[in-house]
Each structure stands twice: as C-alpha cells, then as structure tokens.
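Student: I would like to go through this model step by step. Can we take it as questions and answers?

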Amino acid sequence: MAPDDDIPRPGWLGPWLKGFPALQPPLPLDEVASRGWHLLGDELAFPLAVVRQQALAHNIAWMQDFAARHGVQLAPHGKTTMSPQLFRRQLAAGAWGLTFANVHQLRLGLAAGVRRALIANGIVGAADLAELLALRRRYPGVELAFFIDSTAQLDLITTLWPRLGAGEAQLDVLLELGTSRCGLREHAPALTLARALRGHPALRLRGIGFYEGLQVQGESAPDRALMQHWQQRLDTLLADFEAEGLIEPEARPVWLSGGGSALFDLVAPVLGARPERLGLLRSGCYICHDHTHYGRYMQTMDERLGTPLSSPSLQPALEVWTLVLSCPEPGLALLNAGRRDAGFDQGWPLPVWHAHAGQRQAAPAGWQITGMNDQHAYLRWDPAVTPGPAVGDRVALGPAHPCTTFDKWAWLAVVDEQDRVVDALTTQFS
C-alpha cells in the first residue's frame with residue numbers, strides 16, 4: 001500500500017507531481033509561498049515549469065486594456081492553461097467570460113466560476129448535448145453558445161433532441177465560418193443554415209464565429225488583406241441576417257467572435273465597436289505569451305500599434321527549468337527535459353537563462369536547442385565562439401507554444417523577479 005504522502009489530494013501539491021520536492025510533505029496551494037523555495041536553491045526538483053509573476057500580471061492587465069480601448073470583450077481561450085486560478089484572475093481583471101474547446105473543459109470552467117462562455121467548436125454527440133443541458137440546469141443564468149457549421153449537424157441535433165428530455169430548453173449557437181478548418185466556406189450555405197435555425201425548437205442563432213489563425217503570415221500586407229476578407233464576409237452575412245430578421249430580438253446584441261492570438265490588433269476592428277454587436281476576442285496565449293512563435297507575431301503587431309520599445313506589450317512568462325545531465329562532446333549538453341515537459345509543435349524551445357554556482361544570467365546568444373527526445377533536450381553551441389554550461393548547471397527554456405507546455409504539467413511554480421517561489425498554479429487537463 002502506498003504511503004499517504006504518495007496519494008494525490010485535491011487542492012494539494014505533493015510528491016506525486018513532477019517538479020515537487022520529493023522529500024517535502026504535501027501541502028495546500030496557499031502554503032507554497034511560506035516554504036521559502038528558490039529556483040537557485042536545493043529544494044526543488046527539475047525539470048520544473050515556472051511562470052514569472054510580474055510578466056503574468058502585466059500580460060493580463062495589458063490585454064484587458066487593449067480590449068477596452070478597441071471596443072471588444074475578452075473571452076480568453078481556457079484550453080491554453082486549463083488553470084482555475086488563472087481563469088479567476090482573467091475574470092477578475094474584466095474578461096467577459098472564457099472560451100473552451102469542448103463540453104468537458106466547459107464543465108471545469110463553470111466549476112471555477114465562469115458564467116459566460118463560448119465553445120469554439122461544433123457539438124454533435126448525444127452525451128455532450130445532454131451534458132450541456134445538465135450544466136444549464138446546474139448553473140442557472142449561465143450564458144453560453146457553441147459553433148454550428150452545417151445543416152447535417154443541425155439535422156443530427158434535431159433527431160437527438162426529443163431523446164434528451166430537453167422540454168422547451170434551447171441552446172445558443174454561433175454560425176461558424178471557415179476556410180481551412182471547420183466552418184462554412186461559402187455565403188449561400190451559411191445563409192441557408194441561418195434560415196433553418198429560425199424558429200428551431202432546440203437551437204437559437206446568436207451570432208457568428210470564425211478562426212483566422214491558420215492563415216496568418218506574420219506580415220502586415222497579407223494579414224491586413226486577410227482581415228479585410230473576413231470583414232467583408234461578416235458584413236455581407238450580417239446584412240442578410242438583418243434583412244430577413246434571422247436573429248431574434250431576445251438574442252441581441254449579435255455575438256461576433258474571432259481567434260486573435262497571433263493577430264488580435266487586426267481582428268478586433270473586424271469584430272467591431274458597434275452597439276448592436278458584442279465582439280468577443282478569443283485570444284488565449286497572451287496570458288503567458290512565448291519567446292519565439294507568438295513573439296514573432298507580436299513584433300509585427302507592435303509595429304502596427306506603434307508600441308515604443310521602452311513600453312513592452314506582451315512579455316514571455318512561461319519557462320521550463322532543467323538540469324545539465326551530460327556534456328559528452330564539445331558543443332553539446334544534454335538537458336533533463338524533453339517532449340514530455342515542453343511544447344515543440346511550433347519549434348524547439350529557446351534557452352533563456354543559465355544558472356551556475358547560484359547565479360542566474362541570460363543564456364548566451366549562440367546556444368540553441370536542436371532536438372528533443374521524451375526526456376532529453378539537445379543544447380548545442382560553437383565551442384570556439386561561446387562557452388557552454390557545466391554538468392549540474394541549470395538552463396531555463398522558453399517554450400515556443402504555451403498551450404502544449406501547460407498540458408504537460410499538473411502544477412507550475414510562480415516566481416518573483418528574485419526567483420523566489422511565491423505561488424503555484426494547477427491545471428486540469430485530465
């Protein structure tokens with residue numbers, strides 16, 4: 001039988017979690033700061049996911065201010081972090097609500113206090129529809145909508161509805177437009193679906209949603225043209241909605257929602273600061289940003305926004321701290337973190353910090369990660385130009401995609417600018 005300290009406890013941290021000090025007893029989240037842990041000390045186990053407190057707070061406040069200045073509301077995508085603590089911080093800062101990818105994520109969000117939500121995805125399963133109805137009954141007054149993009153989906157829901165015991169209940173939907181993923185491709189089928197929703201017993205049309213992210217190039221000219229295309233599609237379809245009265249008075253203002261993590265400065269104007277529209281920006285990665293993938297997009301957005309270099313916009317807040325396991329040949333070090341610990345789908349992580357003999361400094365510019373296995377990362381450099389780390393040193397990596405790093409950790413340490421652990425976050429990906 002396992003010792004009590006090895007049995008997971010809800011709301012607690014303990015040695016059943018990677019990165020937690022194995023010889024420390026379990027403790028509740030609110031006691032983490034009192035332990036005096038330090039990234040450069042000997043208590044913590046590595047690899048360890050770390051969130052910078054100051055950058056996190058800056059990003060939440062900066063993005064909320066951006067939304068307010070551009071006349072849209074934030075509905076951040078919860079799948080980025082799936083952290084109830086961060087959900088509550090985003091709502092407390094002024095977010096309209098949160099976005100989720102499926103009903104399971106929505107359930108966890110509602111339990112964390114979310115009361116307005118989007119499911120930026122289609123729903124077709126009887127179990128998911130039944131759960132949505134049950135959640136509506138469990139949380140009276142909650143506002144939510146999911147995406148619909150075909151008459152086939154509508155027909156399936158119509159067939160399932162009588163078996164779900166929904167009575168006179170209705171669920172709100174956003175018509176999903178698309179080009180490279182889900183979503184209606186052409187205007188005529190979109191209008192046909194909207195007409196089929198008028199007076200439907202199960203579903204009520206609330207507005208339009210789209211996702212532009214897979215088409216973003218990170219260059220202003222093509223990205224402006226992309227969003228002009230989306231603006232035209234939305235305006236044309238909304239004009240037909242108005243002409244035919246396809247959105248009921250009780251369903252107003254019209255909800256319009258776009259993605260926005262890589263292009264939010266151009267998406268916000270498309271959603272529109274108009275009284276008859278509620279623009280919902282689903283950006284999720286802003287909360288921790290990153291060091292490479294979204295960082296490149298942000299440089300282009302800063303140029304368009306006119307952000308001075310002395311007044312940074314979003315800041316990278318997420319790091320994965322590792323130990324140097326081996327330096328088997330000149331110019332190569334093996335780190336004790338790999339694909340199980342840091343996202344790699346948008347490129348290899350970037351070495352950002354090097355800690356030696358209790359001192360932290362920026363990683364040399366010549367260091368780079370050139371590959372990862374499950375539990376190892378390959379750090380390389382030119383030994384004729386740049387010094388390398390020593391066995392036992394600590395190297396902090398900046399992941400290229402927050403979403404696929406958060407989901408590898410059940411908890412993350414929050415640290416201040418002096419590298420002291422001052423808080424902790426938990427995630428609920430499984």
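Tutor: The model is predicted, and the questions below cover its cores, a hairpin, two single residues and a helix pair.

Student: Which residues touch the most other members of the largest nonpolar core?

Tutor: That core holds 110 residues. Five of its members touch the most others. They are Val 51, Phe 146, Leu 175, Leu 203 and Phe 241.

Student: How many residues are in the other core, which lies apart from it?

Tutor: Among the members of that other core are Phe 46, Ala 396, Trp 411 and Ala 413. It lies apart from the largest core. Its count is 22 residues.

Student: What is the bridge partner of Trp 353 in β15?

Tutor: Start with the strands. β14 spans residues 350–356 and β15 spans residues 359–362. They pair in the antiparallel sense over four bridges. In β15, the partner of Trp 353 is Ala 362.

Student: Which residue in the hairpin of β14 and β15 takes a positive phi?

Tutor: Two residues sit between the strands of this hairpin. In the hairpin, a positive phi near 55 degrees is found at Ala 357.

Student: Is Pro 399 buried or exposed?

Tutor: Pro 399 sits in the loop between β18 (394–398) and α10 (403–406). The cut-off for buried is under 20% relative accessible area. Pro 399 has 2% relative accessibility, so it counts as buried.

Student: How far apart in space are Pro 399 and Glu 319, C-alpha to C-alpha?

Tutor: In sequence, the two are 80 residues apart. Yet Pro 399 touches Glu 319, and its other contacts include Asp 290, His 291 and Pro 349. The C-alpha to C-alpha distance is 6.6 Å.

Student: Which residues does Thr 300 contact, leaving aside neighbours within four places in sequence?

Tutor: Thr 300 belongs to helix α9, residues 293–305. At 13% relative accessibility, Thr 300 counts as buried. With those neighbours set aside, its contacts are Gly 218 and Ser 220.

Student: At what angle do α6 and α7 pack?

Tutor: Helix α6 covers residues 187–197 and helix α7 covers residues 220–244. Their axes are 11 Å apart. The crossing is right-handed. The angle is about 35 degrees.

Student: How many nonpolar residues does the contact of α6 with α7 have?

Tutor: From α6 come His 187, Ala 190, Leu 191, Ala 194 and Arg 195. From α7 come Thr 236, Leu 237, Asp 240, Phe 241 and Glu 244. By class, two are polar and three are charged. The nonpolar count is five.

Terms used: Residues are numbered from 1 along each chain as its sequence is written. This is a predicted model: local features need pLDDT of at least 70, side-chain atom pairs count only at pLDDT 80 or more; totals for chains, interfaces and linings use all residues. Side-chain values use heavy atoms; hydrogens and water are left out. A nonpolar core is a set of buried Ala, Val, Leu, Ile, Met, Phe, Trp, Tyr and Cys residues joined through side-chain atoms within 4.5 Å. Buried means under 20% relative accessible area, exposed over 50%, partly exposed in between (1.4 Å probe, protein chains only). Two strands pair if DSSP finds at least two bridges between them. Contact means heavy atoms within 4.5 Å. Axes are lines fitted to C-alpha atoms, for helices over the stretch in contact, and angles run from 0 to 180 degrees between N-to-C directions. A crossing is left-handed if the near helix is turned anticlockwise from the far one by less than a right angle, and right-handed if clockwise. Ala, Val, Leu, Ile, Met, Phe, Trp, Tyr, Cys and Pro count as nonpolar, Asp, Glu, Lys and Arg as charged, and the others, Gly among them, as polar.
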